[in-house]
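Q: Please take a close look at one part of this structure, the helix that gives the most to the main nonpolar core. Set that part against the rest of the chain as well.

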Amino acid sequence: MYPDIVLRAAAFLFPFILLAGTIRIEVKDPSGAAIEASGKLTGPVSVSFQIDTSGVYTASLPEGKYRLEIERQGFLTQVLDLEMPSDGTIARVITLALRANAYRVDVIAATPLPGSDLALNQIPSPVQIASQADLEKSAALDLADFMNRRLNGVQINEMQSNPFQPDVNYRGYTASPLLGTPEGISVYVDGVRQNQPFGDVVSWDLIPRNAIETVELMPGSDPLFGLNTLGGALSVQTRSGLTSPGLAARAIYGSSGRKGIEAEYGGAKKGIDYFFAANALHESGWRFDSPSDVRQAFVRLGWRGLAFTTTYAYNTLSGNGLQDYRLLARNDSSVYTIPDTTGNRSPSFNLTGSHAFNSTLTLSGNAWFRNIRTEGVNGNANTNALMGNIYQPTAAEQAALLAGGYAAFPLAGAGPGNTPFPKWPCLAEVLLGSPDSSCDAITIYSKEVQNDYGVSGQIVKRSGANRFLAGAAFDRGSVGFNQNTQYGYLNPDRSITGVAAFDEAARVALHGSTPNGSLFASDTLTLGSQWSVTLSGRFNRTTIDNADRINPIAGPGSLDGNYAFQRFNPSAGVTYNPSKFLTAFVNFAQSSRAPTSIELGCADPANPCSLPNAMASDPPLKQVVASTWEAGVRGSLEHGIRWTLDGFRAINHDDILFLASAQLGTGYFQNFGKTEREGLQASVDAHLGRFTVGTDYTFLNATYQVATVLADGVAIRPGDRIPLIPKQSGKAYVDVQATRKLLLNAGFVANSSSFARGNEGNAYQPDGVTSFGPGVTPGYAVFNAQAHYDLTSRWQLGIEADNLFNRNYYTAAQLAATAFTPQGTVLANPNAPPPNVTFFSPGAPRRAWVELRFKW
């Protein structure tokens with residue numbers, strides 16, 4: 001079925017193939033020295049590219065007429081018309097002239113598909129763009145790390161303490177790999193939505209860093225990016241042999257046992273362009289028992305407007321997550337319980353392309369298929385046992401142990417003082433058939449198999465000052481989710497010894513399917529030389545069909561259910577350009593997201609779910625609708641200075657929140673009548689000779705807007721702040737080309753304090769008896785630095801240091817019952833519930849790596 005879809009799409013969209021020639025471009029400054037620059041070729045095929053310090057760019061292009069643009073901050077943009085022969089070579093040497101106040105034209109894709117480009121001065125929002133060169137200079141580990149270091153308004157919560165599993169937050173909305181995190185950001189790679197069918201989660205470890213060409217972060221509730229675009233959309237385009245010719249490799253070694261290797265190769269020949277990338281990384285992790293292995297591969301083949309890409313990932317990630325703050329004070333690398341591992345296996349395939357019928361009409365589209373297999377093993381404390389007798393076996397339990405062949409158990413006197421890690425009542429109750437009140441640990445085994453396929457297409461018509469776009473998309477996701485919970489007991493090293501008993505009430509076997517269809521359109525009208533007006537809209541219809549494989553009869557206790565959600569979301573924006581160096585804009589946009597299978601199966605506060613989720617039949621949830629107002633100004637000054645100032649206000653109706661329960665790692669989803677996120681963003685970037693500098697600041701007030709009392713008795717008042725969202729965040733960086741061979745980088749990321757999950761009412765006060773810890777995440781600032789030196793024209797040596805000043809900091813917090821004393825022994829008391837404490841997600845200490853790069 002899937003190959004047939006791909007072939008039909010290819011036959012319909014891409015019928016034209018042409019012969020190719022070769023172009024060689026050499027860029028110099030007025031002194032004759034080679035310089036870096038950005039370029040764009042527009043013609044039978046459109047290509048954007050970066051020229052490195054060699055000043056040379058080569059590519060194979062189909063025959064035809066092209067317009068070439070070469071630009072660099074501080075220089076006049078050069079524009080040339082070229083005619084590419086079918087079998088020959090064009091060579092051009094371009095000398096850029098200095099300009100006191102150079103003007104740069106950025107082109108932004110208004111949808112995830114190619115062909116929808118608008119000039120930046122027509123975009124009524126503060127969109128952010130970055131290139132592969134920006135990723136390399138930042139020394140970021142992956143895409144999520146780069147956004148945290150360089151993009152305004154982005155900050156991360158390291159809930160899993162694994163660098164490949166962060167929660168990426170933007171303006172108080174999240175794209176996370178963790179089930180149980182309501183998702184509010186849509187993510188696309190080459191037009192394929194990365195939010196997965198089961199939970200809308202985003203697995204950042206499935207996106208290879210060295211396959212990324214450009215990154216665009218669109219703010220607000222832009223409906224053109226479809227479901228989940230409540231607070232923003234991230235659109236990634238991958239590299240090709242046209243934009244990244246040549247061979248490159250990189251090896252890294254250093255702290256946390258990190259060692260990795262990357263390789264890439266690209267080029268073009270006889271009209272076919274190709275690009276291959278692969279990488280492998282292993283690290284032991286900086287916390288106890290936290291190894292990870294990441295293996296990724298990417299292939300792209302292109303042939304005049306048609307591109308086929310495939311990505312494969314085979315990753316095993318350990319994320320030991322939150323820890324009792326008292327135990328972190330004793331050992332900041334300690335863990336609460338182990339294991340906590342996630343295995344992701346994912347092949348994906350995508351066919352994309354565009355065809356220009358003439359200079360005014362362009363058709364583009366794609367067809368894709370993804371398979372994602374995720375297996376998790378999550379050990380945790382069983383708080384159900386912490387009010388039971390888990391130390392000394394009773395007479396009945398002693399008899400059961402004797403009958404079962406055990407002889408070493410205590411006959412009397414076992415207690416917290418002499419039995420810090422008890423096990424005998426657990427073993428006895430396994431024989432008697434009721435271990436839930438005596439086994440102090442559980443291990444959750446989960447498995448998801450997801451398939452996601454679809455097609456999308458759009459047509460763009462340009463007529464004078466008007467640009468009209470219309471398109472449609474259809475995708476279907478399916479998921480099989482199975483989960484089992486095994487009882488066990490805790491060991492001194494926080495590992496869990498499993499016993500021959502399972503919690504049958506927590507067993508899950510669910511099949512879900514989610515067909516999605518949408519129609520969208522946008523029209524941009526340019527009025528004179530100063531005004532642009534854009535009207536857009538998208539109609540979405542989502543169907544969720546859940547089938548319970550354990551209890552297939554609909555009703556109480558069954559996950560069976562059919563749900564349908566549909567909505568039309570509009571947007572309208574205006575830009576005003578009194579000069580080519582200044583743009584003012586205002587925009588209103590709406591978007592929505594439907595509840596996912598995981599949320600619909602975990603919405604009962606009386607039956608909180610563990611994560612991964614043990615689900616039960618629950619009240620239905622409503623879809624979330626977000627409305628965002630945006631207004632601001634941006635501009636450029638002399639010496640390549642660019643700045644933006646923007647204010648925004650986003651209101652969510654029927655927001656879906658995950659509310660924590662007393663047991664760590666459990667909670668439930670609930671609609672909340674109204675939430676608000678409003679704030680101010682400012683940024684300044686500049687290229688000043690040998691220096692490239694940037695600084696960003698975000699003020700964000702994310703609050704609840706209606707009064708309510710949660711199931712656990714927490715009262716929320718209008719104006720209370722939403723947990724895990726800092727009110728202020730900022731970052732700054734500087735890149736210094738100290739010499740022709742030496743590049744230095746430094747930067748910092750800072751966030752103010754935020755409330756812990758579980759402190760939704762912002763009123764938590766520890767009493768030192770039943771509750772401990774601050775209930776907030778303290779503010780922090782972390783500094784990073786790098787240096788890279790060109791040994792030769794092809795070899796480069798580098799050193800990177802993260803958390804340069806070895807700051808102890810935490811990126812997230814949660815209030816939950818603890819299973820341990822401050823000394824780290826098991827805590828159980830039949831006469832009192834376990835105390836609530838603040839759990840922190842600790843940030844990594846100072847770590848450093850050396851790397852060696854090769855480029856041909």
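A: What follows goes from the whole chain to the core and then to other sites.

The model is predicted. The protein has seven helices and 49 strands. Its radius of gyration is 28 Å, close to the 29 Å that the globule rule gives for 856 residues, so the protein is as compact as a globular protein of that length. The C-alpha trace spans about 95 × 55 × 50 Å along the principal axes. Of the 856 residues, 58% count as buried. Taking contacts between residues at least 6 apart in sequence, 67% join residues at least 24 apart.

The largest nonpolar core holds 38 residues, and Leu143, Met147, Trp204, Val215 and Leu234 touch the most other members. Helix H3, residues 143–150, gives the most to this core, with four residues. Met147 has contacts with Val154, Val168, Trp204, Leu234 and Lys731, leaving aside neighbours within four places in sequence. Two of these partners, Trp204 and Leu234, are also named among the core residues that touch the most other members. A second, separate core has 25 residues, including Ala816, Phe820, Val826 and Val837.

Ala211 is found in the loop between strand E15 (192–193) and strand E16 (212–219). This loop residue is buried, because its relative accessible area is 2% and the cut-off for buried is under 20%. Beyond residues up to four places away in sequence, Ala211 touches Gln237, Thr238, Arg239 and Phe298. Gln237 is 26 residues from Ala211 along the chain, and their C-alpha atoms are separated by 8.6 Å.

Another helix for comparison is H6, residues 424–432, where Trp424, Pro425, Cys426, Leu427, Ala428 and Glu429 are buried. The cover over these buried residues includes helix H5 (395–403), strand E27 (466–490) and strand E28 (496–502). Gly433, just after H6, takes a positive phi of about 100°.

The last site is on the surface. The protein exposes about 32300 Å², of which carbon and sulfur atoms supply 59%. Leu247, Tyr265, Phe276, Leu301, Phe308, Phe349 and Trp856 make a nonpolar surface patch of about 670 Å². Within this patch, Phe276 lies in strand E20, residues 272–283. Phe276 counts as partly exposed, with 35% relative accessibility.

Key: Residues numbered from 1 in each chain as written. Predicted model: local features only at pLDDT ≥ 70, side-chain atom pairs only at ≥ 80, totals over all residues. Heavy atoms only, no water. Helix = DSSP H or I, 4+ residues; strand = E, 2+ residues; numbered from the N terminus. Buried < 20%, exposed > 50% of the residue type's maximum accessible area, 1.4 Å probe, protein only. Contact = heavy atoms within 4.5 Å. Patch = residues over 30% accessible without salt bridge, like charges linked within 9 Å, V, L, I, M, F, W, Y side chains within 5 Å. Areas by Shrake-Rupley, 256 points an atom, 1.4 Å probe, with all protein chains shown as cover. Salt bridge = Lys/Arg side-chain N within 4 Å of Asp/Glu carboxyl O. Core = buried A, V, L, I, M, F, W, Y, C linked by side-chain atoms within 4.5 Å. Rg over C-alpha atoms; globule rule 2.2 N^0.38 Å.
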